[in-house]
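Trainee: I should like to learn how to read the features of a structural model. May we go through them in turn?

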Amino acid sequence: MRFGIFCSGGDAPGMNPCLRAIVRSAIAAGHEVVGIRRGYHGLLTEQFYPDSTGEILMGLRSVSNISKLGGTILHSSRSEEFRTEAGLKKAVDVLEKHEIDALIPIGGDGTFRGAVALAQHWDGRIIGCPGTIDNDLIGTDYTIGFSTAVHTAVEALDKLRDTAESHERLFLVEVMGRHSGYIALYTALAGGAEVVALPETETNVPLIVQHLQVLKARGKQSIMIVVAEGDELGGAEVLNEDLKKAGCPFQTRVLTLGHLQRGGSPAPEDRILASRLGTFAVKAIIEGETGAMAGAVKDRLVLTPFTDTFAKHKPVPEELLELLQTLAS
Ligand code: F6P
């Protein structure tokens, strides 16, 4: 069998160890692997990853020493053309031309929506791996890249706490998560933040100010507020203005971490998850599975139909929200 592998959408630390696992497991089982560069766009434009001899098949050595690398050696992109009927048909022609029998896309909900559309035109097998820092996919407890992104954000919070303490200030730190509060909640909990603002919960400015006044009266000298970029009020800058207008008792500063969270060497948890899921995806395809994402739920490897992975919002754990509120005193 010939596998096609690619990364699509926002990159995530851990995509490289996932590629390595796919290449090595497929070759170990006697199959071939074509690395498709730049996601669906690269598929449409026949951009493949050449080995040292210029051949398009990836060899064992083409993934040597990449587990520690952030980003993705295959590059990633978002493609408008692929979403069109003509784009999908062109993709099928390219897959047939290069005799690709199965695809393993690594990405998030946009990538899997693309896979669902492609499956309506192509009868090859497709099993995806969840590569996104957002951890917003149903069918896996954690996505590849989430852990590293949280490590990066917590490191930033720890550093900001030092300067916040010196100047007795409040910092609003905006983290990624267009529709999801996962990164914000985990960062807030691990970094000992006093407040977290998420798309999943109501961000009540008067209540936050009241809480800050109580904390100030108890002798708190610095405050960390972690804001998910998708918070319904509009992000850290907006919340900062609202807090000031409502009588925030601390001097404030704002920092948006942005794409910094998508970079860096993948944390060991992400490397291990990526290796397990990449290999599991290869096995699933060999066993005849298609149309699903490989995930790890309660440490068991499972397949979830693509459409179920993005059909519903993945709720943030209620228990962790309550824990944060108890500890932020
Ligand atoms: O990878 C997902 C994500 O990190 C979102 O949280 C964020 O809104 C988005 O990517 C931004 O991606 P880009 O700037 O690449 O469009």
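Mentor: Let us begin with a helix, bearing in mind that this is a predicted model. Helix α5 covers residues 146-167, 22 residues in all, and spans 31 Å between its first and last C-alpha, close to the 32 Å expected at 1.5 Å a residue.

Trainee: What is the general idea behind the directions in which helix residues point?

Mentor: An α-helix has 3.6 residues a turn, so residues three or four places apart point the same way. Just after α5, Glu168 has a positive phi of about 50 degrees.

Trainee: Into which domains is the protein chain divided?

Mentor: Domain 1 consists of 2-145 + 266-309, and domain 2 of 147-262. Their centres, taken over C-alpha atoms, are 34 Å apart.

Trainee: How is the interface of the two domains to be read, and how much area do they bury between them?

Mentor: The size of an interface is often given as the accessible area lost when the parts come together. Here domain 1 and domain 2 bury about 1,200 Å² between them, with 47% of it on carbon and sulfur atoms. In terms of residues, 14 from domain 1 are in contact with 13 from domain 2.

Trainee: Which polar interactions and salt bridges cross this interface?

Mentor: Ten residue pairs are in polar contact across it, and the count of salt bridges between the domains is one. On the side of domain 1 that touches domain 2 there are five nonpolar, three polar and six charged residues.

Trainee: How many salt bridges does the rule count in total?

Mentor: The count comes to eleven. One pair is Glu32 and Arg2, whose closest N and O atoms are 2.9 Å apart. Because Glu32 lies in strand β2 (residues 32-35) and Arg2 in strand β1 (residues 2-7), this pair ties together parts 30 residues apart in sequence.

Conventions
Residues are numbered from 1 along each chain as its sequence is written. This is a predicted model: local features need pLDDT of at least 70, side-chain atom pairs count only at pLDDT 80 or more; totals for chains, interfaces and linings use all residues. Side-chain values use heavy atoms; hydrogens and water are left out. Helices (H or I, at least four residues) and strands (E, at least two) are DSSP runs, numbered from the N terminus. The expected span of a helix is 1.5 Å times one less than its number of residues. Domain bounds come from an automatic or database domain assignment. Contact means heavy atoms within 4.5 Å. Buried area is the accessible area (1.4 Å probe) that two parts lose on being put together, summed over both. A salt bridge is a side-chain nitrogen of Lys or Arg within 4 Å of a carboxyl oxygen of Asp or Glu. A polar contact is a pair of N or O atoms within 3.5 Å; within protein, one must be able to donate a hydrogen and the other to accept it, and residues adjacent in sequence count only if both atoms are side-chain atoms. Ala, Val, Leu, Ile, Met, Phe, Trp, Tyr, Cys and Pro count as nonpolar, Asp, Glu, Lys and Arg as charged, and the others, Gly among them, as polar.
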